[in-house]
Amino acid sequence: LQGIFVLGLPYALLHSGYSGLLLIVLAAALCCYTGKILIACLYEENEDGQQIRVRDTYEDIANACCEKLSPNLGGIVVNVTQVVELIMTCILYLIVSGNLLSHSFPSIPVTEKTWSVIAFVTLLPCVFIRTLKIVSKLSQLCSLVHFVIILVVITYCLTQMHQWSWAKFRLSLEFEDFLVSVGVIIFSYTSQIFLPTLEGNMKNPGEFRSMLNWTHFFACILKTTFALTAFLTWGEKTKEVITDNLPSFLETLVNLCLLTKALLSYPLPFYAATEIVYSCISKGSHSNYRSPLLALTVRGSFLLLTLLMAMFTPHFALLMGLSGSVTGAAMTFLLPSLFHLKLKWKKLSFLEKCADISVFVLGFLCSLAGIVCSIKGLLEVFG
């Protein structure tokens, strides 16, 4: 899920300068923190002072927070928010796949939308995915391809070290460009939607916090190295997707790797979205389908929905930015901090309360800024 955003990090540095490097580190720390407090909301202390997992999903946490107002209100809000973000992500992968195929085979007289349909055909087996185990194996392959892409770009950049200059970094910033950089950097770390399921499926859930610390630490190191070497190589010529800066022979290779990554990334958000919807419809378990036909219908409908929206939604990138500013910020910053304050208020120290409130305010400001920029872009397009 993070690959597309990672490829935009050098461009983010172009608009944020030295502050972008600080933002990469800060975003890693904040997203790691909100992941921990979200998982903390799954647990309550028993009479012996032991932590017992009393909730299983993001939905359960939301319902627990809103039970006095309405037993299911919180869960409905969270589920709708999750499904919108996940479906938007699936659609983005289809559009990106069409774009990459179009650029990889420019001599073939086929439109990007037609290429997206071809990519869609390869995703049809997704309707038969019934367990997270299959998705995890595809995600492992996706991670491998991701590292190949990063390695190719960094290796090429290292061959251009003689051109590097720290003078390429900007000291003065334009506010709107800076906000774009903030969005790209922050959302390259988001994974909160998947964390409750991930923690619940770990052989040793007690190692979750350690796992989160190390993964965010290494992600921060990798992203900083990648963004820095790429920006120092191309400077002001850095493009929105850094692979467009590569020589043609490398660009084609990396584009095909990106296509593979996009197709391998699709099943995870697709599976998560269909599991949420099926669970709401059947009121059954997330892990076992009581009605195979209903499950197949839900997955098939969602698969077709992502194709139709990819084909016929105008200015999808701007709409993605608008929905992402709402759903992404909500799921990553606003809701985890709000739920943590609600469920753990009496047990939190003063500093922990201040940390949660600060994260909530920061998330709200990021969301508001993103909404304003996206609406402005839509108005300019339709105007």
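The legends below describe close-up views of a predicted model.

**View 1. The largest nonpolar core comprises 51 residues.**
Within this core, the residues with the most contacts are I149, F169, I185, Y189, F226, W234 and L246. Helix 10, spanning residues 208-234, makes the greatest contribution, with 9 residues. Around L246, once neighbours within four places in sequence are set aside, the residues in contact are V153, Y156, W234, E251 and V254. A second core, separate from this one, has 50 residues, among them I61, Y266, V298 and L335.

**View 2. Helix 2 is largely enclosed by the rest of the structure.**
This helix covers residues 9-16. It is described as largely enclosed because 7 of its 8 residues are buried. The buried residues are L9, P10, A12, L13, L14, H15 and S16. Immediately after helix 2 comes G17, which adopts a positive phi of about 60 degrees.

**View 3. W214, F217 and F218 make up one aromatic cluster.**
A pair of aromatic rings is described by the distance of the centres and the angle of the planes. In the structure, the count of aromatic pairs comes to 7. One of these is formed by F217 and F218, whose rings stand edge-to-face, at 5.4 Å centre to centre and with 70 degrees between the planes. F217 has a relative accessible area of 44% and is therefore classed as partly exposed.

**View 4. A salt bridge joins the side chains of R55 and E44.**
The whole structure contains 4 salt bridges. In the pair shown here, N and O are 3.0 Å apart. R55 sits in the loop between strand 2 (51-53) and helix 4 (58-65), whereas E44 belongs to strand 1 (residues 43-45); the two are 11 residues apart. R55 has a relative accessibility of 11% and so counts as buried. E44, at 22%, counts as partly exposed.

**View 5. K344 also forms a salt bridge with E44.**
The closest N and O atoms of this pair are 3.9 Å apart. Because K344 lies in helix 14 (residues 316-344) and E44 in strand 1, the salt bridge ties together parts that are 300 residues apart in sequence. K344 is counted as buried, since its relative accessibility is 10%.

**View 6. R53 and E199 are partners in a salt bridge.**
Here the closest N and O atoms are 2.9 Å apart. The pair links distant parts of the chain: R53 is in strand 2 and E199 in helix 9 (residues 195-200), with their positions 146 residues apart in sequence. R53 is partly exposed at 26% relative accessibility, whereas E199 is buried, with a relative accessible area of 2%. Elsewhere, salt bridges with shared partners connect E44, R55 and K344 into one network.

**View 7. Six residues form a nonpolar patch on the surface: I357, V361, F364, L365, L368 and V372.**
Together, these residues have about 530 Å² of accessible area. V372 is located in helix 15, which runs over residues 350-382. An α-helix has 3.6 residues a turn, so residues three or four places apart point the same way.

Technical notes. Residues numbered from 1 in each chain as written. Predicted model: local features only at pLDDT ≥ 70, side-chain atom pairs only at ≥ 80, totals over all residues. Heavy atoms only, no water. Patch = residues over 30% accessible without salt bridge, like charges linked within 9 Å, V, L, I, M, F, W, Y side chains within 5 Å. Areas by Shrake-Rupley, 256 points an atom, 1.4 Å probe, with all protein chains shown as cover. Helix = DSSP H or I, 4+ residues; strand = E, 2+ residues; numbered from the N terminus. Core = buried A, V, L, I, M, F, W, Y, C linked by side-chain atoms within 4.5 Å. Buried < 20%, exposed > 50% of the residue type's maximum accessible area, 1.4 Å probe, protein only. Contact = heavy atoms within 4.5 Å. Phe/Tyr/Trp six-rings, centres within 6.5 Å; stacked < 30°, edge-to-face > 60°.
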